[in-house]
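Biologist: I would like a close look at a single part of this protein, explained slowly enough for a first-year student to follow. Could you begin with one strand and its partners, and then work outward from there?

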Amino acid sequence: MATFLYKLGRLTFRRRRFVALIWVALLALAGFGAASASTATSSSFSIPGTEAQRAFDLLEQRFPGSNADGATARVVFKAPEGEKVTDAANKGEITGIVKELRSGSDQVAQVADPFEAQAVSQDGSTAYISVSYKVNSMELTDQTRDALEEAGKDAQGSGMKVEIGGDALQVMPHTGTAEIIGVVIAAIVLVITFGSLIAAGLPLVTALIGVGIGVSLITALANVLDLGSTTPILASMIGLAVGIDYALFIVSRYRAELADGREREDAAGRAVGTAGSAVVFAGLTVVIALVGLAVVNIPMLTKMGFAAAGTVAIAVVIALTLIPALLGFAGKRVMGRKARKGAETAQNSDAKGAEKPSLDKDTAKAKSADAKPNMGTRWARFVLRRPVWVMVVGILGLGVVAVPAASLEMGLPDDGAQPKSTTQRQAYDMLSDGFGPGFNGPLMVVMDGKGSSDPKAAAERVSKEIESIGVVAVTPAQFNKAGDTAMITVIPKDRPSSHATEEVVHDIRDAGRDIKSDTGAEVLVTGATAMNIDFSQKMNDALVPYLALVVGLAFLLLMLVFRSILVPLKAALGFLLSVIAALGAVVAVFQWGWLGSLFGVEQTGPIMSMMPIFMVGVVFGLAMDYEVFLVTRMREAYVHGESPGQAIVTGFQHGARVVTAAAVIMMAVFAGFIGSSEQMVKMIGFSLAVAVLFDAFVVRMAIVPAVLALLGRKAWWLPRWLDRALPNVDVEGEKLQKQLTEGPAASGSDSGSDSDGGDGHGGERELVRV
């Protein structure tokens, strides 16, 4: 692989104008496709194989035209102090709003008058209008939403407080500011790392191009593939982070090859052949982790995973082709000003004929490293002196942070998790105060009476069984025209995301089994609350198979890369430790409320059901990135003859600074999304940022070198029979090095004579002295 990528790097360096033109054309085509694509007409959420989904499908079949998947809204009214909503003036205002809503949009299916639907609280202080629509929330037009928002303004003028809840106001979450913050921080880190604006700009430009293409393609295909509103956000979050990181590693390796005296085209080929090989396998681990989300068998999650994986794949291809092309345009400006001045000084010394001691390259590098060891070198030497202490402190520290994970409770956020300033949250609180928390999450019980000789009697028994469980209200059964299916609305006592409400759902289902055996009628529970419960259970059931699939495939992949059994095993165990610690931090902040105000958490509650498994997928891929980038340099040094301890030092000498910069950039990109108004995006941004912090700086930078130091040569052991069976992908470039050493140097075609490429070979050769 290294040889192929070496040739690819040289080719794209030479043909840089053509390569750049291709990528610009692809970006333009993707942008045109996104701009001309019709707005997505659906964002359906289904959970195949669950009871809630079967009940929902049954409603669609037996109650045609009921718009079971249609958007809903509740316009909640609260009378001024000392008044009631039933007072003549207030009642007149509310009745007028009902008429206004009915005529406000042709997308409205039904508007329930609160005085006819008994939607007035016992003390008369609160009432709500239920509005159902013919289409789901993503298909509502701006005109329909405006009519809904305008409906209560007149009533507010009369003194009543009016707020609106429900999914009808659900819109695309705003994250533009978050992305800008992440990019700005990334730019600062890159400038500090490289000391050159040109070198710092390359990863940013290529990452933005990759994200632009990926997100534009998602937008263009959103209508066809039924992609959710958060899909492009998560794809951009991950694509931006890995795009910057992958480019960062190749640019850094290119600069190191220049400093070793390579000519520019050869340096580009070697950078792509070595660091590019690591990029390919790191990208593969991320893609495996994201595509593996399909095992959960939830279409929304599968689409999110595939979309994000596609963006990662684009980032890999851009890093391997566009980066070397842009390096050709950059010339010697890819080095910092200080390095260029050093090169000029060396040129002047040569011109004056100054004699220099003759040292072979390896000896010069070793003396230079001994004279001025960088932070990575000093840290690696410290770990080698105290491996047991470093490992114990790292494991214990993450273990303490992971303790809250034992209290993990999962669910899906409702309007109660919205910021207190939003109308959805205020409507939620008004309903809780006026009617009880359960009114925010009614359950829909569907009775399929086709197998019963007396469906009406069966429905009466269902209602009585539910009432005996202990709920606030049970509405009379509503039958379809055929009289074989009934709907019963149940109002639980507690809020939708509470454990007590979950118990009510399970109790109804348990009672339904007895009813079916006695009457033949099947009882199913659905509704948003039941959907959330089934979703959480499905995620729990899928976690172990998902971990087994992803970790198993990645273990095999890393065994190919490192030609070792213990190194991949250590990588997987370290990842599990960092993920559990990250889950502990998420529970402490979002469930317990510790430092919640610092991160904009206004309402604590269960952790979003999809977050743990999604975090496992994403973080596993990213953790393997750092493992591959850092340990391949160690493996490369070990293969080329260094002792295991010295190989660790060499790996940190060349990789620690870049891996640190990559981790800080990735944390910045993810942390920027904590400011999102969407609770799901906020939680995922926080969890990924914390997980990268733990994995990069505690696991990869501390525990990994400590374990490798304790293992010594055993770390790189592989049975001979397995060594013969596994294909040699040559990630460390051993075969490439032999070919370049034994064969004629193919670097004579450096395009330094191009007007945009710098000043020829001579100036670049001088960079070896910097």
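Modeller: Strand 6, which covers residues 443-448, has five of its six residues buried, so the strand is largely enclosed by the rest of the structure. Please keep in mind from the start that this is a predicted model.

On one hand, strand 6 is joined to strand 9, residues 485-491, by six bridges, and these two strands run antiparallel. To find one point of this pairing in the structure, look for Met 444, which stands opposite Thr 489 in strand 9. Strand 6 also pairs with strand 10, residues 522-526, again in the antiparallel sense, and here there are five bridges. A useful marker for this second pairing is Val 445, whose bridge partner in strand 10 is Val 525.

From these strands we can turn to a pair of helices, namely helix 17, residues 455-469, and helix 18, residues 499-519, whose axes come within 10 Å and cross at roughly 150 degrees. Because angles over 145 degrees count as roughly antiparallel, helix 17 is roughly antiparallel to helix 18. The crossing of these two helices is right-handed. On the side of helix 17, the contact is made by Ala 458, Arg 461, Val 462, Glu 465, Ile 466 and Ile 469, while helix 18 contributes Asp 507, Ile 508, Ala 511, Asp 514, Ile 515, Asp 518 and Thr 519. If you sort the residues of this contact by character, you find seven nonpolar, one polar and five charged.

It helps to set this part against the whole chain. The protein has 26 helices and eleven strands in its secondary structure, and 54% of its 770 residues are buried. Of the contacts between residues at least 6 apart in sequence, 80% join residues at least 24 apart.

Another group of strands is worth following in the same patient way. Four strands form an open sheet in the order 2-3-1-4, with antiparallel pairing. Strand 2 (108-112) and strand 4 (161-165) stand at the edges with a single partner strand each, so one side of each is left without a neighbour in the sheet. From one strand to the next, the twist averages 20 degrees. Strand 2 is joined to strand 3, residues 126-133, by four bridges, and the two run antiparallel; within this pairing, Val 108 has Tyr 133 of strand 3 as its bridge partner. Helix 16, residues 423-435, packs on this sheet, where it touches strand 1 (72-78), strand 3 and strand 4, and the direction of helix 16 makes about 110 degrees with that of strand 4.

Within helix 16 you can find Arg 425, and this residue is buried, with a relative accessible area of 5%. Leaving aside neighbours within four places in sequence, Arg 425 is in contact with Asp 415, Gly 416, Gln 418, Pro 419, Lys 420 and Gln 603.

Finally, there are two loop residues whose backbone angles deserve a careful look. Most residues other than glycine have a negative phi. Asn 297, however, has a phi near 65 degrees, a positive value in a residue other than glycine. Asn 297 lies in the loop between helix 10 (264-291) and helix 11 (299-330), and with 41% relative accessibility it counts as partly exposed. Arg 563 likewise has a positive phi, of about 50 degrees, although it is not a glycine. Its place is the loop between helix 19 (528-562) and helix 20 (566-591), and at 7% relative accessibility Arg 563 counts as buried.

Arg 563 also leads us to another region of the sequence, since Asp 723 touches both Arg 563 and Leu 718, when residues up to four places away in sequence are not counted. Asp 723 lies in helix 24, residues 720-725, and at 37% relative accessibility Asp 723 counts as partly exposed. Asp 723 and Leu 560 are 163 residues apart in sequence, and from C-alpha to C-alpha they are 9.2 Å apart in space.

Note on methods. Residues are numbered from 1 along each chain as its sequence is written. This is a predicted model: local features need pLDDT of at least 70, side-chain atom pairs count only at pLDDT 80 or more; totals for chains, interfaces and linings use all residues. Side-chain values use heavy atoms; hydrogens and water are left out. Axes are lines fitted to C-alpha atoms, for helices over the stretch in contact, and angles run from 0 to 180 degrees between N-to-C directions. Angles under 35 degrees count as roughly parallel, over 145 as roughly antiparallel, 65 to 115 as roughly perpendicular and the rest as oblique. A crossing is left-handed if the near helix is turned anticlockwise from the far one by less than a right angle, and right-handed if clockwise. Contact means heavy atoms within 4.5 Å. Ala, Val, Leu, Ile, Met, Phe, Trp, Tyr, Cys and Pro count as nonpolar, Asp, Glu, Lys and Arg as charged, and the others, Gly among them, as polar. Buried means under 20% relative accessible area, exposed over 50%, partly exposed in between (1.4 Å probe, protein chains only). Two strands pair if DSSP finds at least two bridges between them.
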